[in-house]
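Colleague: Got a minute to go through this one with me? I'd like to start with the cysteines.

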Amino acid sequence: MSAVPRSEKQGKADKPSSRFRRMLDRLSSSQEDLESEELQEDAQASGCTRISECTDRQIVKVTGTLRTVTLRPRAGVPALEAELFDGTAPLDVVWLGRRSIVGIEPGRRLIASGRIAMSHGRRVLFNPKYELRPLGKE
């Protein structure tokens, strides 16, 4: 008879290796969860702030994928609006006085910087400096 309790023996056998655990997690995750995780890793690698951590009037540099792009006039002035998502939260990006911008389209990744504003409970970035990410990285 062994002096080690049976529960301790089973604990070691039941613990999968971390590589195996990650593989199982990826297989059981939805496509949206995987994309979200990838976007968060991209933001961390590029030194950007997570959108969920942005506060009102803070100057930030964020990155993510454009989910939607629409033309929505504001006070009679054209405004190109896009929703940027980094895996943690959405951010509305608005270019005032623009009807379109080459390369700004749904599914495109970009890095944007500027001052965050809060409008109707949502984070908004007006007329940001931006950098389109290469298409090969998507």
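Modeller: Sure. Bear in mind that this is a predicted model. C54 has a relative accessibility of 4%, so it counts as buried.

Colleague: And C48, buried or exposed?

Modeller: Buried, because its relative accessibility is 11%.

Colleague: How many disulfides are there in the whole structure?

Modeller: Zero. C48 is in no disulfide, and the nearest cysteine sulfur, that of C54, is 9.7 Å away.

Colleague: Why no bond for C54?

Modeller: Its closest cysteine sulfur is the one in C48, and 9.7 Å is too far for a bond. The cut-off for a disulfide is 2.5 Å between the sulfurs.

Colleague: OK, new topic. Which residues have the most contacts inside the largest nonpolar core?

Modeller: V62, L84, L91, W95 and I104, in a core of 18 residues. The elements giving two or more residues to this core are β1 (59–71), β2 (79–85), β3 (90–96) and β4 (109–119).

Colleague: What does L91 touch, leaving aside neighbours within four places in sequence?

Modeller: Its contacts include I51, V62, L84, I116 and V124.

Colleague: How many residues of β3 are buried?

Modeller: Five of the seven, so β3 is largely enclosed by the rest of the structure.

Colleague: Which way does β3 pair with β2, parallel or antiparallel?

Modeller: Antiparallel, over seven bridges, with E83 opposite D92 in β3. The two strands form a hairpin with four residues between them, and G87 in the turn has a positive phi of about 100 degrees.

Colleague: And what about β3 and β5?

Modeller: Those run parallel, joined by three bridges. D92 has V124 as its bridge partner in β5.

How values were computed:
Residues numbered from 1 in each chain as written. Predicted model: local features only at pLDDT ≥ 70, side-chain atom pairs only at ≥ 80, totals over all residues. Heavy atoms only, no water. Buried < 20%, exposed > 50% of the residue type's maximum accessible area, 1.4 Å probe, protein only. Core = buried A, V, L, I, M, F, W, Y, C linked by side-chain atoms within 4.5 Å. Contact = heavy atoms within 4.5 Å. Pairing = 2+ DSSP bridges.
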